[in-house]
Amino acid sequence: MSSTKYTLDRIEDGYAVFLKYPEEEEQIIILQSAMNKPVLVGDRVQIEEFDGMYHIEILREETERKRADIQNLMDRLRHKHQ
């Protein structure tokens with residue numbers, strides 16, 4: 001697998017479910033114990049596979065920007081319904 005960007009969608013029964021960025025239509029499911037570090041739901045990451053282990057690099061700036069965009073949208077929706 002080449003290095004590709006994903007967003008962590010959810011964690012279920014010890015598996016991390018990532019959606020390929022930006023379309024988020026294709027997913028990859030990785031056993032958490034096969035990852036080099038823990039990740040949080042919503043993290044934007046780059047994933048590379050080496051001999052059955054997955055090297056996860058958290059893309060902090062992209063993750064923070066995405067979280068800020070979501071927060072702004074939530075704030076606008078709350079104000080719209082007041």
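How many bridges join strand β2 to β3, and in which sense do the two run? A few friendly notes on this predicted model follow, starting with that pair.

1. **The β2–β3 hairpin.** Strand β2 (residues 15-20) and β3 run antiparallel and are joined by 5 bridges. One of the pairings is that of Y15, whose bridge partner in β3 is L31. The two strands form a hairpin with 6 residues between them. If you look at the turn, please check E24, which has a positive phi of about 60°.

2. **The two faces of β3.** Strand β3 covers residues 27-31. I28 and I30 make up its covered face, while Q27, I29 and L31 are on the uncovered one. Thus L31, the partner of Y15, belongs to the uncovered face.

3. **The sheet as a whole.** Stepping back, the hairpin is part of an open sheet of 5 strands, in the order β3-β2-β1-β4-β5 and with antiparallel pairing. Because β3 and β5 each have a single partner strand, they stand at the edges, and one side of each is left without a neighbour in the sheet. From one strand to the next, the twist averages 45°.

4. **β4, β5 and the helix.** Towards the β5 edge, β4 and β5 pair over 6 bridges, again in the antiparallel sense. Here Q46 has E57 as its bridge partner in β5. Helix α1 packs on the sheet and touches β1, β4 and β5. The direction of α1 makes about 145° with that of β4.

5. **The nonpolar core.** The largest nonpolar core has 14 residues, and F18 and I47 touch the most other members. Two or more residues come from each of β1, β2, β3, β4 and β5 (53-58). With 3 residues, β5 gives the most.

6. **T4 in β1.** T4 lies in strand β1, which spans residues 4-12. T4 counts as buried, because its relative accessibility is 15% and the cut-off for buried is under 20%. Leaving aside residues up to four places away in sequence, T4 touches K20, V45, Q46 and I47. Two of these contacts reappear elsewhere in this note: I47 as a well-connected core member, touching the most others together with F18, and Q46 as the bridge partner of E57.

7. **Salt bridges with partly exposed partners.** A search of the whole structure finds 7 salt bridges. One of them joins E12 and R10, whose closest N and O atoms are 2.9 Å apart. Both partners are partly exposed, E12 with a relative accessible area of 41% and R10 at 29%. Another is formed by the side chains of K20 and E26, at 4.0 Å from N to O. K20 is partly exposed at 26% relative accessibility, and E26 is partly exposed too, at 45%.

8. **A buried salt bridge between β4 and α1.** The side chains of R44 and E62 meet at 3.4 Å, N to O. R44 lies in strand β4 (residues 44-50) and E62 in helix α1 (residues 60-80), so this pair ties together parts that are 18 residues apart in sequence. Unlike the partly exposed E12, R44 and E62 are both buried. They also take part in a network of salt bridges that links K5, R44 and E62. This is a good place to look alongside point 4, where α1 touches β4 as part of packing on the sheet.

Technical notes. Residues are numbered from 1 along each chain as its sequence is written. This is a predicted model: local features need pLDDT of at least 70, side-chain atom pairs count only at pLDDT 80 or more; totals for chains, interfaces and linings use all residues. Side-chain values use heavy atoms; hydrogens and water are left out. Buried means under 20% relative accessible area, exposed over 50%, partly exposed in between (1.4 Å probe, protein chains only). Helices (H or I, at least four residues) and strands (E, at least two) are DSSP runs, numbered from the N terminus. Contact means heavy atoms within 4.5 Å. Two strands pair if DSSP finds at least two bridges between them. A nonpolar core is a set of buried Ala, Val, Leu, Ile, Met, Phe, Trp, Tyr and Cys residues joined through side-chain atoms within 4.5 Å. Axes are lines fitted to C-alpha atoms, for helices over the stretch in contact, and angles run from 0 to 180 degrees between N-to-C directions.
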